[in-house]
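Please open the structure below in your viewer and keep the sequence at hand. The tour goes from one selection to the next and says at each stop what can be found there.

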Amino acid sequence: VDEFDLRDFVHQEYPRLVAAVALITGSRAGAEDVVQEGLVRAWQRSARGERIDSLAAWTRTVSLNLARSGLRRIRAELGAKQRIAAGIIRQGEPSSVRVDIRRALGRLPRRQREAIVLRYYLDLDEAEVAAAMGTPVGTAKSLLSRARSGLREALGEMDLAEVKET
Amino acid sequence: VTRLDEQLRRELDRIAEPADPARVTEAVLRRVGRAEAMRRVKVGALAVAVAMASVAGFLGLTRVFGGRESRQAAATLAANGPITFVEHDGRTSSISTIEPDGSGRVKLLASDGLVTDLDWSSDGRRLVYGWGDLFVLDLQTEETTRLTPNGFGVSWSPDGSRVVFAEDREGQNDAIVVTNAGGTGATVLTEASNLGWTDWSPDGSRILFVGPGPAGAGQGWDIYVMNADGSGVTNLTNSDTVDLDPSWSPDGSTILFRSRRDPPPGWTVGHAPDELYLMAPDGSAVRRLTTDDARDQSPVWSPDGGWIAFTSQAANGNSGIYIMRADGTDRTRVARVSAMALAWQSLPEGELVSPLPSLSAAPSQSAAPEPTDIGLGFPVCHVSSVEGDFGSGRGTAYIATRMGDTGGCPTEGGGFQVIAVDVSGDGIADGSLGPLECDPACRPFAAPDIDADGIDEIAVAVGTTGGSTLFELYAVAGTTIRPLGYDCTNCNEGVFAWGRPGGHAEGAYCPSGQTPGDFVTWWAEQTDDGNAYSLVEIFIDVKGIFLFEVDRRDSEVPFDASALPPGGGDDFCGAPVAGAAAG
């Protein structure tokens, strides 16, 4: 990992990875913190001679680990559900849609939420979701399936036409 | 792709807020710098503590820090680690370290028999030593392993993966042999009579060694170079005298060696006192560094290449370890000892670098409180403590702030904060570790026996968040203090929270009965309808210094403090909670 790789990652991957971690944890500042920390560790590992084949996949996994554990977990996860459910309603945005999907996400158990965000926001396939979460593919599939069931109900009531126009 | 899939993608895209990448690269690089600085200091302090603990059978070594403040040492000198040297009393060899300014002399270990070879791996973590029997001491694992029974003049490869030495093979020629760091996979690079004194080049491509001089030149030795695969053996000095102890400068541009080529009046070549010389890697441009008519031997470079340390024995018997700049100036005696071998350990692993720019940026000075001495080898301020049993009845764990380098007390947490433990209860610290990462300052929190092994752990409050106190755990083994952390790749250190700030509650407790784990850390938050707590409990096993998450339970309990697990109040696993972090 050199500065070129780092800059490339920051422009190509960083914005969406931070957004994904924020969706999972409910904390935007915490998300920036863990993704940057993931990059710091990638840099250090690489400086010590370890090979990192995919900076994107590596940083994704480490960032999720960090968000899940220790100090950052505590800081980020406390109140995450409330923050996610409450949403951040800004002027000029369709508040009902945002609140609905946020509330639905926020009600999911943590691991299901993680799987859904990785699958549908970061667009990872099931194997990549499993790798990022450190679980067998079967577990990832099961988490996704349960999460989809939970979300189907919440989203089924939403007006798709409104979504398309705004 | 189902309608639901499509809908999820669109909805998540709508609510997600991609981050702004501007200036992130710079921020990450700054964090790398700071993390490296912290890691170096932590590893350095830990490595020294481990080394001391592993050899404490010989000595009751107690200090991680100390002796670093050197008023006379130049800044460039202070940037290098301690010098390691061997003394031999006719029966036992003792290996000690001393700061290049002559302070902080510490005996590392004793070894039966002679030790004439010493070399630190370039990361400063492993020391190879011995005479014939060569051993490797690994500061991290605290293990000593035997490398070979017949090795002399040993040297590490620059990456620390291999060692090269001269092997004494009975009835045959000597050989220059490379093995891996564990002593296996031996490969003979070259053979001749009377081989010794190897040194691997900093770029790993070449190896220096000493071999016999040209035929017919008596008992002479010359300095040779070869490629690291044993090819291209070349005699660099081709003299009819004695050239020994070759050593590459850290940048690989110069070779340092000792020679008897310029005998003082009355001496014969070959028996004259050794003097120190430099030459280019091709053997040209030989330059004499010392002219003292004393035996100047065992020359080694400082890790930064700015200095040379050597032993010197004068005709009147006065002996010592000396240092001088690489140009031969500023010669200074470090210690008045008769040393047999030298090695200069690289920082960061050798000692605490002080001051660290990122940590000691203009600490504010105050007249009070007065610095005190708790036996750390340097004055401290803001001493707070908690009592516990750390191995022999009542002891005390301290948190203290190291006094500023310019004198006076920094604010609490404004200088290095150190954790120290008095195991024996005599009021003098027996072991210490630092610096701690505190935000803004650390305080002792409690001393519970979490893993029920009869020795209390130390909980240290390291900061606050949202009204809760954050704490870390430390274990005491002998006089060594080590942090407890998760044994999972890239997980965070073990940091736990404690407190009941309104809608949230957090704590930790030691379960009894059938519950898994040595202790449980938990947090709870009020549910949306306000009628319940959503509770998360993490069950943790403590094994040595590692924490293992063995179970996790999510549940809902009534919104009532009495429904929450224990912990979060004033008792942590049976130990009184002593205080909260400064905040």
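In strand 20 of chain B, which residue is the bridge partner of B:Phe310? Bear in mind from the outset that this is a predicted model. If you select B:Phe310 and look across to strand 20 of chain B, the bridge partner that you find there is B:Tyr322.

Now widen the selection to strand 19 of chain B, residues 307–313, together with strand 20 of chain B; these two strands run antiparallel, and seven bridges join them. Next add strand 21 of chain B, residues 332–335, which pairs with strand 20 (residues 319–325) in the antiparallel sense over three bridges. B:Tyr322 appears here again, with B:Arg333 of strand 21 of chain B as its bridge partner. Between strands 20 and 21 of chain B, which form a hairpin, lie six residues, and at B:Gly328 you will find a positive phi near 90 degrees.

Before leaving B:Tyr322, show its side chain along with that of B:Arg331, since the two make a further stop: B:Arg331 lies over the face of the B:Tyr322 ring, at 4.7 Å from the ring centre.

With the whole sheet displayed, you can follow four strands of chain B in the order 18-19-20-21, paired in the antiparallel sense in an open sheet. Strand 18 (295–301) and strand 21 of chain B are the edge strands, each of them pairing on one side only. From one strand to the next, the twist averages 35 degrees.

Another open sheet of chain B comes next, with four strands in the order 14-15-16-17 and antiparallel pairing. Its edges are strand 14 (243–248) and strand 17 (287–288) of chain B, and because each has a single partner strand, one side of each is left without a neighbour in the sheet. Select strand 16 of chain B, residues 275–279, and you will see that it pairs with strand 17 of chain B in the antiparallel sense over two bridges; B:Leu278 has B:Arg287, in strand 17 of chain B, as its bridge partner. Then select B:Tyr277 and B:Arg261, where the arginine lies over the face of the ring at 5.6 Å from its centre.

For the aromatic stop, select B:Phe445, B:Phe471, B:Phe496, B:Trp498, B:Phe519 and B:Phe572, which form one aromatic cluster. Over all chains, the structure holds 13 aromatic pairs.

Finally, bring chain A into view and select its helix 8, residues 110–121, with helix 1 of chain B, residues 3–15; the two pack with their axes 9 Å apart, at an angle of about 95 degrees. Helix 8 of chain A and helix 1 of chain B are therefore roughly perpendicular to each other. Among the residues that make the contact are A:Ile116, A:Val117 and A:Tyr120 from chain A, and B:Leu8, B:Arg9 and B:Leu12 from chain B. By class, this contact has six nonpolar, no polar and four charged residues.

How values were computed:
Residues are numbered from 1 along each chain as its sequence is written. Chains are lettered from A and ligands numbered from 1 in the order in which they are written. This is a predicted model: local features need pLDDT of at least 70, side-chain atom pairs count only at pLDDT 80 or more; totals for chains, interfaces and linings use all residues. Side-chain values use heavy atoms; hydrogens and water are left out. Two strands pair if DSSP finds at least two bridges between them. Rings of Phe, Tyr and Trp (its six-membered ring) pair if their centres lie within 6.5 Å; planes under 30 degrees apart count as stacked, over 60 as edge-to-face and the rest as tilted. A charge sits over a ring if NZ of Lys or CZ of Arg is within 6 Å of the ring centre and within 35 degrees of the ring normal. Axes are lines fitted to C-alpha atoms, for helices over the stretch in contact, and angles run from 0 to 180 degrees between N-to-C directions. Angles under 35 degrees count as roughly parallel, over 145 as roughly antiparallel, 65 to 115 as roughly perpendicular and the rest as oblique. Contact means heavy atoms within 4.5 Å. Ala, Val, Leu, Ile, Met, Phe, Trp, Tyr, Cys and Pro count as nonpolar, Asp, Glu, Lys and Arg as charged, and the others, Gly among them, as polar.
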